[in-house]
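Q: I'm new to this one, so could you walk me through it slowly?
A: Gladly; here it is, and you can ask as we go.

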Amino acid sequence: MSSSYFLPRMKRELEILEHDPPPGVVCYPVDSNLTRFCAQIKGPKDSPYEDGMFKVDVQIPARYPMEPPRMQFITPIYHPNVDDVGRICLDILKMPPNGSWKPSLNISTTLTSLIILMADPNPDDPLLVEIASEFKENRSLFLQKAKDATLKYAMEEKDSSAQ
Amino acid sequence: MKYTIIQIILMDAKNFPLLVPSDVDEPSYCGFITVKGQELAFQIKLENNSTGLKNAKLYGSPKLKRLIFGHEKALQQRLEQCASFSEFFVDLKDLLELLMTKEKTDPSPCENYYSTLINELNSIGWDKLEAFNPSLKNLSLKLNDSSGRQHSIFVSLPFSYPQTPLIVHAELPTPSSTTSNHMASLKDAVSFYSKVSLDKELEKFQYVWSMLDDIDAHTWVLEPCKPKRSDLIRRIALGNHCSLQIELDASYPKGECQYRLFGTESLISPLREKIIKNWNTWLNFDLTIRQNFENILEITFPSTQTISTSDINIECGICYSYRHEDSLPDQSCNNAKCGQPFHRSCLYEWLRSIPSTKQSFNTFFGNCPYCNDAITTTICDQ
């Protein structure tokens, strides 16, 4: 049972996602009770994820926005702050005092932060230590591996046909 | 006193050999500081009867003054904090080096830069000038093509203009023609783009542009939010949080057309089936791409809807609504710059969710989720 503030809030968030989406993001509800969204993020420019399309599963807890949304990459991504199963290490996705989620953030701004994290990894708070040290010490190898992973997993075939 | 002076000079002799006492009675020193091969004259005056650098004053040549313009306060503060001359001089040298490299990258324009520019604008006509930045380093000109479509060309002028050519680029859908061109003058640029490009080379883009204009006019384009002439992608709303992305190919405008559907699988799959079923009916070249897609999908694209932009400021910052269980936002942040309203119940619900909130009887003390200023609320009965 969702709380009384959940539905009005989600209604407005849907409007934001539909009318004024963060650049490079498509986000839509997957189920009818607005607890699950699918976000498709275009890899940020000038990053090894460029040209890729990354699917992110967004789960909205019943106490949202008193609790942060849960986000997880579905598309595999080679990134120091994302683990093998797609869990993301981002402070705004955690409750205080360990994290910095606030109800002034929303799905749209959180996705924007996720894009910024993709473009600018945070090796000082890593989830995968090996990738983080590679990012710090051997940047060219990191970029190559991240690019290879993008080419391998994130290049969704576009539907195309002759006119 | 004299002893200190000599000591200071000896101490600094290695790094700053060009410093000498200038006055017999007053503790003051004149000298040069060498930064990047340039010698800058300066003078330091100490307060009488003080051995430290407290209340010391720094005077400099006009060149030095110009360099440190805007940094005087910080420098004075540093001068007072530093324990020794050496320490201060190292700081000063670092700062000057930094400022000098900054200055080098931003030289002043050539002597006849502005007069040439004004003359050229006179000759091409000021009505063509669309926008410019305050330093007149970057301009954009507007030109019309054969079918009356307006285009912007972007000009960036090097400071050594007119000796070195200016760089011009236009927003065209092919990577080869978007690359910048070097032009001798604005007039050349205008004639190049209006005669060669916009009338002949660009003729082949007219079809693509007319298709895109049709999409822009008749559908609700979600992305890009302000399409440029070089953008060949449009993501348009289909309603129910579904969208269709169409990508045109500038070189084969009538050939391949890529599309992608976004949305919940249950709503998207019937559309996908319709595309597969009806694709072979896409034969009518008299219709636009938008009309063909509408025929295939058997729908009409919704046109731009104006969002009910309810004034966000009067809505509760937590539940994003105005009326919540028959209560209106009855509390707001006391910070005048924030002033975000909340429902008492929403704010209470948030504050009790986080461990940093302190409670005294039925009052809760926490921070505004928007500006982080202190905020309090009282327990609600619900």
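Q: How many salt bridges does the rule find across the interface of chain A and chain B?
A: This is a predicted model, and in it the rule finds two salt bridges across the interface of chain A and chain B.

Q: Which side chains meet in one of them, A:R63 and what else?
A: One of the salt bridges joins the side chain of A:R63 to that of B:E349, at 3.2 Å from N to O.

Q: And which elements of chain A each supply at least two residues of the side that touches chain B?
A: Helix 1 (6–19), strand 1 (25–29) and strand 5 (159–162) of chain A each do so, and the largest share, nine residues, comes from helix 1 of chain A.

Q: What's that side made of, by class?
A: The side of chain A that touches chain B has 22 nonpolar residues, together with nine polar and ten charged ones.

Q: How much area is buried between the two chains?
A: About 3900 Å² is buried between chain A and chain B, with carbon and sulfur atoms giving 55% of that area, and the contact takes 41 residues from chain A and 43 residues from chain B.

Q: Switching topic: why is helix 10 of chain B described as largely enclosed?
A: Seven of its nine residues (the helix covers residues 289–297) are buried, so helix 10 of chain B is largely enclosed by the rest of the structure; among the buried ones are B:F293, B:R290 and B:E294.

Q: What comes just after that helix?
A: Just after helix 10 of chain B sits B:E298, which takes a positive phi of about 55 degrees.

Note on methods: Residues are numbered from 1 along each chain as its sequence is written. Chains are lettered from A and ligands numbered from 1 in the order in which they are written. This is a predicted model: local features need pLDDT of at least 70, side-chain atom pairs count only at pLDDT 80 or more; totals for chains, interfaces and linings use all residues. Side-chain values use heavy atoms; hydrogens and water are left out. Contact means heavy atoms within 4.5 Å. Buried area is the accessible area (1.4 Å probe) that two parts lose on being put together, summed over both. A salt bridge is a side-chain nitrogen of Lys or Arg within 4 Å of a carboxyl oxygen of Asp or Glu. Helices (H or I, at least four residues) and strands (E, at least two) are DSSP runs, numbered from the N terminus. Ala, Val, Leu, Ile, Met, Phe, Trp, Tyr, Cys and Pro count as nonpolar, Asp, Glu, Lys and Arg as charged, and the others, Gly among them, as polar. Buried means under 20% relative accessible area, exposed over 50%, partly exposed in between (1.4 Å probe, protein chains only).
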